[in-house]
Amino acid sequence: MLDANAHVAQTVSSRGFSRLPHYFTKHTLASTKVVLVDPLPVPPLASIGLKRFADFVRGDSNGITYIDTIFLKPTQSKNENLYFHELIHIIQWRLLGPDRFLLAYANGLECFGYRQSPLEAMAYDAESEFAGSTLIFNAEKLVAEKLGLQIRSNLRLYSADQYAALGQVLIVNQTVGETGMRSGLLSMCLGDNGRGTANPSR
Ligand SMILES: [Zn+2]
């Protein structure tokens, strides 16, 4: 019976969680779709040439967010903390837009590994605040502020050279396509003084 409904998309608001409405807008909860499915779908990321995106799926192994849809394993259907984590990704996707989200996510994986990649670190930090305290905060504003911080502050996440490289990656990507983008990502990480291409989380 569960299987019969597994592919029917619901919305987060229809799940009836009590805490999420204090952290996200009504619009976000009503417009974010939820699909319970196992195994989780693998987005067609190979088609954009980013092998590292396999980590995207392995990392959040109980859930994955793709644009405006959260895919969860059915065993997690009542895990409000996991919904919270994936909703942080929903806001990231929305604020960055798909192109910039994918670029930033790929770059983060390449340079920092899954758990320390900036977009994941943001989701995990916010999730642990949500899980560890009843203190209410505006999660959407938090994401906007942190993304703004990442874009403005080279000190925190990227050196000036890396940041310049990121700009070049964007330009290269627009002009020569995915091969250029991949080599841009790689060269950026090689300049990262040893944090580089290591993946400490695995
Ligand atoms: Zn995540």
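Two strands count as paired here if DSSP finds at least two bridges between them, and I start with that because the sheet is what I would like to walk you through this morning, in what is, please keep in mind, a predicted model.

With that criterion in hand, let me begin at strand 3 and strand 4, which run antiparallel and are joined by four bridges; within that pairing, Ile64 has Phe71 of strand 4 as its bridge partner. The two strands form a hairpin with two residues between them, and in the turn Ile67 takes a positive phi of about 60°.

On its other pairing, strand 4, residues 69-72, meets strand 2 in the parallel sense, again over four bridges. Here Val34 stands opposite Ile70, while Val35 has Phe71 as its bridge partner in strand 4, so that Phe71 is a partner both of Val35 and of Ile64.

Strand 2 itself, residues 33-36, deserves a moment. In a regular strand the side chains alternate between the two faces of the sheet. That is what we find in strand 2, where Val34 and Leu36 point to one face and are buried, whereas Lys33 and Val35 point to the other face and are not buried. Strand 2 also pairs with strand 1, residues 10-11, in the antiparallel sense and over two bridges, with Thr11 standing opposite Lys33.

Putting these pairings together, we have an open sheet of four strands in the order 1-2-4-3, with mixed pairing. Strand 1 and strand 3, residues 63-66, stand at the edges with a single partner strand each, and therefore one side of each has no neighbour in the sheet. Helix 4 packs on this sheet, where it touches strand 3 and strand 4, and its direction makes about 20° with that of strand 3.

That brings me to helix 4, residues 80-112, and to a question about its length: what does the helix span between its end C-alpha atoms, set against a straight helix of 33 residues? A straight one would span 48 Å at 1.5 Å a residue, but helix 4 spans only 27 Å. When you look along the helix, you will find a kink of about 115° at Gly97, shortly before the proline Pro98. Finally, just after helix 4, Gly113 takes a positive phi of about 80°.

Conventions:
Residues numbered from 1 in each chain as written. Predicted model: local features only at pLDDT ≥ 70, side-chain atom pairs only at ≥ 80, totals over all residues. Buried ≥ 20, exposed ≤ 12 C-beta atoms within 10 Å, placed from the backbone. Expected span 1.5 Å × (residues − 1). Bend = angle between axes of the 7 residues up to and from the residue. Contact = placed C-beta atoms within 7 Å. Axes fitted to C-alpha atoms, helices over the stretch in contact; angles between N-to-C directions.
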